[in-house]
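User: I am new to this structure and should like to understand the terms used to describe it. Please explain how each description is reached.

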Amino acid sequence: MDKLIITGGGPVDGQVWASGAKNAALPILCASLLADGPVTIGNLPHLQDITTTLELLGRMGVEPVMGERLSIQLDGSQVTDCHAPYELVKKMRASILVLGPLLAHFGHADVSLPGGCAIGSRPVDLHLRGLESMGADIRVEGGYIRAKVDGRLHGATIFFDTVTVTGTENLLMAATLADGTTVLENAAREPEIIDLAECLIKMGADIRGHGTDTIVIEGVKRLHGCEHDVMPDRIETGTFLVAAAMTGGRVKVTRTRADMLEAVLAKLEEAGAEIVCGDDWIRLDMHGKRPRAVNIRTAPYPAFPTDMQAQFVALNAVAKGSARVVETIFENRFMHVQELNRMGADIALEGNTALITGVETLSGAPVMATDLRASASLVIAAMMAEGETQVDRIYHIDRGYECIEEKLQQLGACIRRIPG
Ligand SMILES: CC(=O)N[C@H]1[C@@H](OP(=O)(O)OP(=O)(O)OC[C@H]2O[C@@H](n3ccc(=O)[nH]c3=O)[C@H](O)[C@@H]2O)O[C@H](CO)[C@@H](O)[C@@H]1O
Ligand SMILES: C=C(OP(=O)(O)O)C(=O)O
């Protein structure tokens, strides 16, 4: 297993570009299963999760054709096998996103249950209940979701008890080819849902209300190919901004968007950062200062994203003052806390709340990455810690951060990978 070795020290200073968003690219790749023609997807990030998804689509018969500028062409009409095996689904929960498109386009699907993971149990009951109310017959046997429908799915009004991002995406995709109207109530409003809906509309889907909590979909008979560029990754962008803020440094992130990061930028300003935004860039400057501690409460978009919680725990660990960070989305998303404490942080956990007392500095230590954003928090903490930190199990970070060491080197970090 690869490791990252980071020697902490100077402030972050430099410019870096944001990659395409993992959490938009994954549903969009799966949406290609709905089309009767080639879908060309641009600005795809080069990430392990993307490779896993392409392998999964390849097993179904959809062979990717590589294009220019990180683009790829996929044709849903090539599907020969509607089966998503455990050995691929276990690598990446977002594989569940093939369920809705396969069922809607081909009338059946066998998809392994994703199972629990480090950050929480993450059930998919709301995906399944929604598909059942659209007429699907679903059985769970041998760890597989076996779903079929006689003829086509039909439209339905579906109320989500809990706001779910991939649940909204799965049902949104399924509804595009259903008979009649589907209304998704208490739908997720994340920017990645808007990006997916815009791609589906280019494929010929009839969707209104995406970006609000009520999405209305009129089913159409078929969808065609299209071209779509994936939106920038707001979580990667936010991670670079926090790295600069923690080290009293400055950064300009390009090829990104400020409008989808409002809650994060507000917290960075509260921490003392000066932030200036342009059409497709964000510049942050801490002017050499130590950040002030900021309280955080995660919640569905547009509130503060759970995917930025670990990075802000790291920031608070070295801030002036003390802070409370409350995680309301996942029941076990504080695995970074004990590793940060090994680096000298002073963080206590009480249920879903981290109570953080800022310390002047952290010290390098061997630490273990436990999930994607926990890994990111350890890497940025290591960049400001005294001495050397060894981050083990970094395959987690490779799921979601493209060329992490090259990009952080551009910002002045002393970071290298040791292949395992
Ligand atoms: C690939 C992708 O886009 N991943 C993101 C997506 O994950 P994901 O879509 O898996 O997360 P959800 O929005 O579904 O989860 C939100 C909450 O709903 C619960 N739930 C969800 C579905 C369900 O059927 N039943 C149920 O109880 C979950 O356990 C969790 O407590 O949104 C999360 C919340 O913003 C992000 O952290 C992930 O980065
Ligand atoms: C939790 C995340 O991803 P996934 O849902 O793919 O596990 C994430 O991107 O932070």
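Analyst: The questions and answers below concern a predicted model.

User: What makes H10 and H11 count as roughly parallel to each other?

Analyst: Helix H10 (residues 309-317) and helix H11 (residues 335-342) pack at an angle of about 30 degrees. Angles under 35 degrees count as roughly parallel, and H10 and H11 are therefore roughly parallel to each other. Their axes are 10 Å apart, and H10 passes H11 in a right-handed crossing.

User: Which residues make the contact between H10 and H11, and how do they divide by class?

Analyst: From H10 come Ala310, Val313, Ala314 and Ala317, and from H11 come His336, Val337 and Leu340. Six of these residues are nonpolar, one is polar and none is charged. Ala, Val and Leu count as nonpolar, whereas His, which is in neither the nonpolar nor the charged list, counts as polar; His336 is therefore the polar residue of this contact.

User: Why are S18 and S20 said to stand at the edges of their sheet?

Analyst: The sheet is open and has four strands in the order S18-S19-S21-S20, with mixed pairing. Strand S18 (296-297) and strand S20 (346-350) each have a single partner strand, so one side of each is left without a neighbour in the sheet.

User: How do you know that S18 and S19 pair?

Analyst: Pairing requires at least two bridges, and two bridges join S18 to strand S19 (residues 322-326). The two strands therefore pair, and they run parallel. Ile296 has Val325 in S19 as its bridge partner.

User: What is the direction of H10 relative to S19, and which strands does H10 touch?

Analyst: H10 packs on the sheet and touches S18, S19, S20 and strand S21 (353-357). The direction of H10 makes about 170 degrees with that of S19. Angles over 145 degrees count as roughly antiparallel, so H10 is roughly antiparallel to S19.

User: What makes S16 and S17 a pair, and how many residues lie between them?

Analyst: Strand S16 (residues 274-277) and strand S17 (residues 281-285) are joined by four bridges in the antiparallel sense. Because at least two bridges are required, they count as a pair. Leu284 in S17 is the bridge partner of Ile275. The two strands form a hairpin, with three residues between them.

User: Which residues come nearest to ligand 1, and what classes are found in the shell around it?

Analyst: Of the 20 residues around ligand 1, the nearest are Asn23, Leu126, Thr164, Val165 and Thr166. Helix H1 (22-31), helix H5 (125-133) and helix H6 (165-176) are the elements that give two or more residues to this shell. By class, the shell has eight nonpolar, eight polar and four charged residues.

Key. Residues are numbered from 1 along each chain as its sequence is written. Chains are lettered from A and ligands numbered from 1 in the order in which they are written. This is a predicted model: local features need pLDDT of at least 70, side-chain atom pairs count only at pLDDT 80 or more; totals for chains, interfaces and linings use all residues. A residue is near a molecule or strand if its C-beta atom, placed from the backbone, lies within 6 Å of it. Axes are lines fitted to C-alpha atoms, for helices over the stretch in contact, and angles run from 0 to 180 degrees between N-to-C directions. Angles under 35 degrees count as roughly parallel, over 145 as roughly antiparallel, 65 to 115 as roughly perpendicular and the rest as oblique. A crossing is left-handed if the near helix is turned anticlockwise from the far one by less than a right angle, and right-handed if clockwise. Two residues are in contact if their C-beta atoms, placed from the backbone, lie within 7 Å.
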